[in-house]
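Here are a few exercises to work through with the model open in your viewer. Try each task before you read the solution below it.

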Amino acid sequence: MDELYALLCESLTKELYQIVISGIRKSTDGVCIASKKKVRPVMVKGQLLFQVSSYVGKQIFHENRTGGEAAETLSADFIEHYRQMQIETRTFAADVLASKKGKLTIKRKRHEKESDRLPELSHNRVKNYILEEGKPAPFLIDLGVQTAEGKIVRSRYDKFRQINRFLEFIADIVPGLPKDRTVHIIDFGCGKSYLTFAMYYYLHELKGLSLEVTGLDLKEDVIADCSRLAEKYGYSGLHFLHGDIADYTGTDRADMVVTLHACDTATDYALYKAIRWNAKVILSVPCCQHEVNGQIACDALEGALRYGLIKERLSALFTDALRADILEEHGYDTQVLEFIDMEHTPKNILLRAVKTSKEAPQRAQSDRLAKTLHVHTTLQKLLEEDEGDLN
């Protein structure tokens, strides 16, 4: 508990973005426990406090505490009731996991570069979105998210939040993108491309970067529609192509690779190409993962894997854990983040990987996990084939 308390004391400063506590660990004997808690810094009458939001059923309860008070109550509460805690600050990120017996595992990672994004400290917070309410953006109007006057359509507010959440992830990595030349971005499995358009609008229109963005998808009608819209908006650096991720040979380099909801092993092919191209940034939101589900076999997990739904979800999580380990082993500083609040969908984990100058660790973690689970993924096979060709 001392280590957790110290971590919270270090985190509870004006540099904090957010702390998320979730996963009730054990029976509470009828006591009403919040399913999730979120913590953020606020300024109240010139004093730095921390707003703790507790989610109980459909209600949210707020209370403000000093840093010391928050560290003491949150550490005790976590030890007693919860399984996981995620901490994100401007300078570092940390994950805390608690076993059934209460043993804590703390992993922290210092950001190579301090984020330009400042924490929001207002008490009665009006969210300052990257895409501002009241400022019309042509793709948001066509998407039905905004009116022609820039007002957000009430029924589409979740989509507006999701787009802005995605752009926040991009905002954090903008300092790592080249400023002296055109930035090359590949978006695999772009679909209807509302996030592709948002990314182009933000990086080119708002940040002034010179871009060449290629969106790739299997659906010809979708690609035709996206191409028409790009021409309509005058986005000369945005192009859409019909094709399969696995067969794409249109370039041999990219500064950033994006793959959002590319199904099953398509995500593996996208990550493989990004690693081969030595891409500076990778943003991946996987979905529909079946490969590990068809292979996984682990005596220690037998009691959980016998239930189809649990096996499916564990397989998806282990797939993303393997992918994150492999990216780390290829020189990427990798984070596993929540794309949007998990109550909307269980399939919105985002892998954000940034290439570093650090020496990559030996390939041991991913091998160990794969052997424990008796799985061999497409991403592993593709990279092993490369190694075989080199030998």
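**Exercise 1.** Sort the lining of the second largest pocket by residue class, then work out which elements supply it.

*Solution.* Keep in mind that this is a predicted model. Start with the classes: the lining has twelve nonpolar, six polar and five charged residues. That belongs to a lining of 23 residues, and nearest the pocket's centre you'll find Gly-189, Cys-190, Gly-191, Asp-217 and Leu-260. Next, the elements: α5 (194–206), β9 (211–217) and β11 each give at least two residues. The largest share is from β11, with four residues. To finish, the volume of this pocket is about 520 Å³.

**Exercise 2.** Trace the strand order of the seven-stranded open sheet, and say why one side of β10 and of β13 has no neighbour in the sheet.

*Solution.* Walk across the sheet and you get β10-β9-β8-β11-β12-β14-β13, with mixed pairing. β10 (238–242) and β13 (332–338) are at the edges with a single partner strand each, so one side of each has no neighbour in the sheet. From one strand to the next, the twist averages 15°.

Now zoom in on one pair. β12 (residues 281–287) and β14 (residues 349–355) run antiparallel to each other, joined by four bridges. For a concrete example, take Ile-282, whose bridge partner in β14 is Ala-353.

Last step: add the helices. α7 (residues 266–276) lies across β8 (183–188), β11 (256–263), β12 and β13, at about 170° to β11. α9 (residues 308–329) lies across β12, β13 and β14, and its angle to β13 is about 155°.

**Exercise 3.** Follow the pairing from β1 through β2 to β3, using Val-39 as your guide.

*Solution.* Begin with β1 (residues 16–24), which pairs with β2 in the antiparallel sense over four bridges. Here Ile-19 has Val-39 in β2 as its bridge partner. Now go from β2 to β3 (residues 47–56): that pairing is antiparallel too, with nine bridges. Val-39 turns up again, with Val-52 in β3 as its bridge partner.

How do β2 and β3 connect? They form a hairpin with two residues between them, and Lys-45 in the turn has a positive phi of about 55°. As for burial, β2 (residues 36–44) is mostly covered, with seven of its nine residues buried.

**Exercise 4.** Is Leu-373 buried or exposed, and which residues does it touch beyond its sequence neighbours?

*Solution.* First, place it: Leu-373 is in helix α10 (residues 365–373). Its relative accessibility is 1%, and the cut-off for buried is under 20%, so Leu-373 counts as buried. Then look for contacts, skipping neighbours within four places in sequence: Leu-373 touches Gln-295, Ile-296, Ala-297, Leu-301 and Phe-318. For a distance check, try Val-292, which is 81 residues from Leu-373 in sequence but 8.8 Å away in space, C-alpha to C-alpha.

**Exercise 5.** Describe the second largest cavity by its volume, its lining and the classes of residue there.

*Solution.* The count is two cavities of 30 Å³ or more. The second largest holds about 40 Å³ of space. Its lining is made of Asp-264, Thr-265, Asp-268, Gln-289, His-290, Glu-291, Val-292, Thr-319 and Arg-323. Sort these by class and you get one nonpolar, four polar and four charged residues.

Methods
Residues are numbered from 1 along each chain as its sequence is written. This is a predicted model: local features need pLDDT of at least 70, side-chain atom pairs count only at pLDDT 80 or more; totals for chains, interfaces and linings use all residues. Side-chain values use heavy atoms; hydrogens and water are left out. Two strands pair if DSSP finds at least two bridges between them. Axes are lines fitted to C-alpha atoms, for helices over the stretch in contact, and angles run from 0 to 180 degrees between N-to-C directions. Contact means heavy atoms within 4.5 Å. On a 1 Å grid over the protein atoms alone, a cavity is a set of points where a 1.4 Å probe fits but cannot get out, and a pocket is an open set with protein on both sides within 12 Å along at least five of seven lines; lining residues have an atom within 4 Å of a point. Grid points are joined across faces, edges and corners, and a volume is the space filled by probe spheres set on the points. Ala, Val, Leu, Ile, Met, Phe, Trp, Tyr, Cys and Pro count as nonpolar, Asp, Glu, Lys and Arg as charged, and the others, Gly among them, as polar. Buried means under 20% relative accessible area, exposed over 50%, partly exposed in between (1.4 Å probe, protein chains only).
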